[in-house]
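Me: Please take a close look at a single helix of this model, with the partners that pack on it. I should also like a few residues elsewhere in the chain treated for context, in one connected account.

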Amino acid sequence: MTISKRILTGTVAAVAFAASMTAAQADTWRYAFEEAITDVQGVFATKFKEEVEANSDHEIQLFPYGTLGESADTMEQTQAGILQFVDQSPGFTGSLIPEAQVFFVPYLLPQGTEELGEFFRTSKAINEMFPEIYAEQGLELLKMFPEGEVCMTTQEPVSEPADLNEVKFRVMTNPLLVENYRAFGATPTPLPWGEVYGGLQTGIIQGQENPMFWIESAKMYEVTDVITCVGHNNFTTAVMANKDFYDGLPEEDQQVIQNAMDAAFDHIINYQKGLHEESLEKILEAKPSMTVNVLDEDERAPFVEAGKEVEAKFIEMTGDSGKALLDQFKADLAAVTE
């Protein structure tokens, strides 16, 4: 999608919504997310919708990826109060909220579903520190949750950082993710998601990263030949509400939202058990020639070493507030992994 079309899409949607009713008055609440209705964010949103509608008189209207433009559009619409809820990865909010880039410090998060679930459920950094930071941008942070181990798809095999030399690797428009892939040896290339498939098909880019379910769902395997898992990250996303809308709700409605978020979180953690493996099976069934490399601990060592400089870059970008958040992040992780 071109920039002009993206802006037009967002503007038309904004005008249409604003003409109908304001966010704080809405009995129908609008919720946009970055994936298809059958993907992880869509499953979470559907469960949230079910819980809200079962326990209140409100209706939730869901908008999957692409229906309201790109990620920048849905964030603008949420901050403007046109959308009540938005699910957006810190990968896209990193420029707006620099501290959210902590999720792109490589080899920080564990890969186990149970450990991840407990971390996101109990973390002081996520549940106490982040809401204050998001509030400064007019956003009520409701829930963060993991979506699965991130793996690379490329045209050629990758067994060490040198294999990514001169590879134009698509990244989200996130400064720290750019530094991550630069440290890994690639040429990081920010690109809107809607242009990734075509970019891989035409050779404008030669690689991208995503959780396995999204590689399968978005058919990234059709335009790449190799999947490589180096264990460097687990995709994270965040559900937010327009803060003026949320603060203007009666306490009863706020509690309905919180309860629905908790139920959706438990549901999505359980839903993801085995999802990575199931998605990989579907990929190999659709394309038996696909090469899959899961690097072991020794093979990952050069990537781990290269990633150390990214943590320093994060602190450089975010200053004292970022360092305090990272320190708490590590303490919270230690509490559930040691």
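Reply: A residue is called buried when its relative accessible area is under 20% and exposed when that area is over 50%; values in between count as partly exposed. The model is predicted, and the helix chosen here is α13, residues 297–337.

Two helix contacts of α13 are described in turn. Helix α7 spans residues 175–183, and its axis comes within 9 Å of that of α13, crossing at roughly 155°. Because angles over 145 degrees count as roughly antiparallel, α7 is roughly antiparallel to α13. The crossing of α7 past α13 is right-handed. On the α7 side the participants are Pro-175, Leu-176, Glu-179, Asn-180 and Ala-183, while α13 contributes Ala-306, Glu-309, Val-310, Lys-313, Phe-314 and Met-317. Sorted by class, this contact holds seven nonpolar residues, one polar residue and three charged ones.

Helix α7 is itself mostly covered, with seven of its nine residues buried. These are Leu-176, Leu-177, Val-178, Glu-179, Asn-180, Tyr-181 and Ala-183. Besides α13, the buried residues of α7 pack against the strands β4, β5, β6 (187–190) and β7 (207–211).

The other contact involves α5, residues 113–122, whose axis also comes within 9 Å of the α13 axis but crosses at roughly 130°. This angle makes α5 oblique to α13. The passage of α5 across α13 is again a right-handed crossing. Here Glu-115, Glu-118, Phe-119 and Thr-122 of α5 touch Phe-329, Asp-332, Leu-333, Val-336 and Thr-337 of α13. Four of the residues in this contact are nonpolar, two are polar and three are charged. As background to both contacts, an α-helix has 3.6 residues a turn, so residues three or four places apart point the same way.

Phe-329 links the α5 contact to the interior of the model. The largest nonpolar core has 97 residues, and Phe-329 is among the members that touch the most others, together with Tyr-31, Phe-48, Phe-85, Phe-103, Phe-130 and Tyr-134. Helix α13 gives the most to this core, namely nine residues. Phe-48, another of these highly connected members, touches Tyr-31, Ile-60, Phe-85, Ile-257, Ala-260, Met-261 and Ala-264 when residues up to four places away in sequence are not counted.

Thr-236 also touches one of those core members, Phe-103. Thr-236 lies in strand β9, residues 234–242, and is buried, at 4% relative accessibility. Leaving aside neighbours within four places in sequence, the other residues in contact with Thr-236 are Ser-89, Pro-90, Leu-109, Phe-120, Phe-145 and Pro-146.

Two loop residues deserve a separate remark on backbone geometry. Most residues other than glycine have a negative phi. Glu-166 is not a glycine, yet has a positive phi of about 70°; Glu-166 sits in the loop between β4 (139–154) and β5 (168–171). Both of these strands are among those that the buried residues of α7 pack against. Glu-166 itself is exposed, since its relative accessible area is 64%. Lys-219, likewise not a glycine, has a positive phi of about 60° and is found in the loop between α9 (212–217) and β8 (226–229). Lys-219 has 36% relative accessibility and therefore counts as partly exposed.

Notes. Residues numbered from 1 in each chain as written. Predicted model: local features only at pLDDT ≥ 70, side-chain atom pairs only at ≥ 80, totals over all residues. Heavy atoms only, no water. Axes fitted to C-alpha atoms, helices over the stretch in contact; angles between N-to-C directions. Helix = DSSP H or I, 4+ residues; strand = E, 2+ residues; numbered from the N terminus. Parallel < 35°, antiparallel > 145°, perpendicular 65-115°, else oblique. Left-handed = near helix turned anticlockwise from the far one by under 90°. Contact = heavy atoms within 4.5 Å. Nonpolar A, V, L, I, M, F, W, Y, C, P; charged D, E, K, R; others polar. Core = buried A, V, L, I, M, F, W, Y, C linked by side-chain atoms within 4.5 Å. Buried < 20%, exposed > 50% of the residue type's maximum accessible area, 1.4 Å probe, protein only.
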